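Here are a few exercises to work through with the viewer open. Try each one yourself before reading the solution.

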Amino acid sequence: MKECPICAAALFDDMEVCYGCLYRFGSEPAMEEAAQRDAAQRAVVGREADDLREWVVRLEVRNRSNPDQLWSVELAPPGVPAPVGRG
């Protein structure tokens with residue numbers, strides 16, 4: 001696995017273009033080397049790049065006829081409790 005130097009997405013070693021930001025590997029070798037050093041340093045500390053990321057997706061659906069009627073749900077990675085009371 002390798003990491004995109006722009007958006008830090010985890011990518012397969014054989015990918016030539018990042019699917020997250022469309023960065024083309026090989027266009028900035030110095031930036032890629034710095035990203036590899038950073039990823040190696042995080043691995044030494046015992047953390048992978050994916051462990052440092054947290055995300056929550058909030059989906060809200062409103063009724064057009066009745067704007068006061070709202071359904072919402074928050075999705076979080078498995079094992080991570082979703083934040084409560086945010087709105």
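**Exercise 1.** Why does Val57 count as partly exposed?

*Solution.* Bear in mind that this is a predicted model. Start with the value: Val57 has a relative accessibility of 41%. Partly exposed covers the range between under 20%, which is buried, and over 50%, which is exposed, so Val57 at 41% counts as partly exposed. Next, place the residue in the fold: Val57 belongs to strand 3. Finally, look at its company. Val57 joins Leu59, Val61, Trp71, Val73 and Leu75 in a nonpolar surface patch, and together they have about 540 Å² of accessible area. Strand 3 (57–62) and strand 4 (70–75) each contribute at least two residues to this patch.

**Exercise 2.** Work out the order of the secondary structure elements in the protein chain.

*Solution.* First, count: the chain has one helix and four strands. Then read from the N terminus, and you get β-β-α-β-β. For a feel of the packing, note that buried residues account for 15% of the 87 residues.

**Exercise 3.** Find the aromatic pair, then describe what sits over the ring of Phe25.

*Solution.* Searching the whole structure turns up one aromatic pair. The partners are Tyr23 and Phe25, with 5.4 Å from centre to centre and 80° between the planes. Planes over 60 degrees apart count as edge-to-face, and that is the label this pair gets. Now check the cover. Tyr23 is buried, with a relative accessible area of 8%, and Phe25 is buried too, with 16%. Last step: the charged end of Lys2 sits over the Phe25 ring, 3.9 Å from the ring centre.

Stay with Lys2 for a moment. Asp14 is twelve residues from Lys2 in sequence, and their C-alpha atoms are 8.9 Å apart in space. Asp14 lies in the loop between strand 2 (10–11) and helix 1 (29–45), and counts as exposed because its relative accessibility is 65%.

**Exercise 4.** Which phi values do Ala8 and Leu22 have, and where do these residues lie?

*Solution.* Begin with the background: most residues other than glycine have a negative phi. Ala8 goes the other way, with a positive phi of about 65°. Ala8 is in the loop between strand 1 (2–3) and strand 2, and at 26% relative accessibility it counts as partly exposed. Leu22 also has a positive phi, near 65°. Look for Leu22 in the loop between strand 2 and helix 1; its relative accessibility of 65% makes it exposed.

**Exercise 5.** How many disulfides does the model have, and why are the sulfurs of Cys18 and Cys21 too far for a bond?

*Solution.* Recall that a disulfide is a covalent bond between the sulfur atoms of two cysteines. The cut-off to apply is 2.5 Å between the sulfurs. Take Cys18: the closest cysteine sulfur is in Cys7, 3.5 Å away, so it is too far for a bond. Now Cys21: its closest cysteine sulfur is in Cys4, at 3.6 Å, which is again too far. The count of disulfides comes to zero. As a side check on the surroundings, Cys18 is buried at 0% relative accessibility, whereas Cys21 is partly exposed at 32%.

Note on methods. Residues are numbered from 1 along each chain as its sequence is written. This is a predicted model: local features need pLDDT of at least 70, side-chain atom pairs count only at pLDDT 80 or more; totals for chains, interfaces and linings use all residues. Side-chain values use heavy atoms; hydrogens and water are left out. Patches are made of residues with over 30% relative accessible area and no salt bridge: like charges are joined within 9 Å, nonpolar side chains (Val, Leu, Ile, Met, Phe, Trp, Tyr) within 5 Å. Accessible areas come from the Shrake-Rupley method with a 1.4 Å probe; for residues, only the protein chains shown count as cover. A salt bridge is a side-chain nitrogen of Lys or Arg within 4 Å of a carboxyl oxygen of Asp or Glu. Buried means under 20% relative accessible area, exposed over 50%, partly exposed in between (1.4 Å probe, protein chains only). Rings of Phe, Tyr and Trp (its six-membered ring) pair if their centres lie within 6.5 Å; planes under 30 degrees apart count as stacked, over 60 as edge-to-face and the rest as tilted. A charge sits over a ring if NZ of Lys or CZ of Arg is within 6 Å of the ring centre and within 35 degrees of the ring normal.
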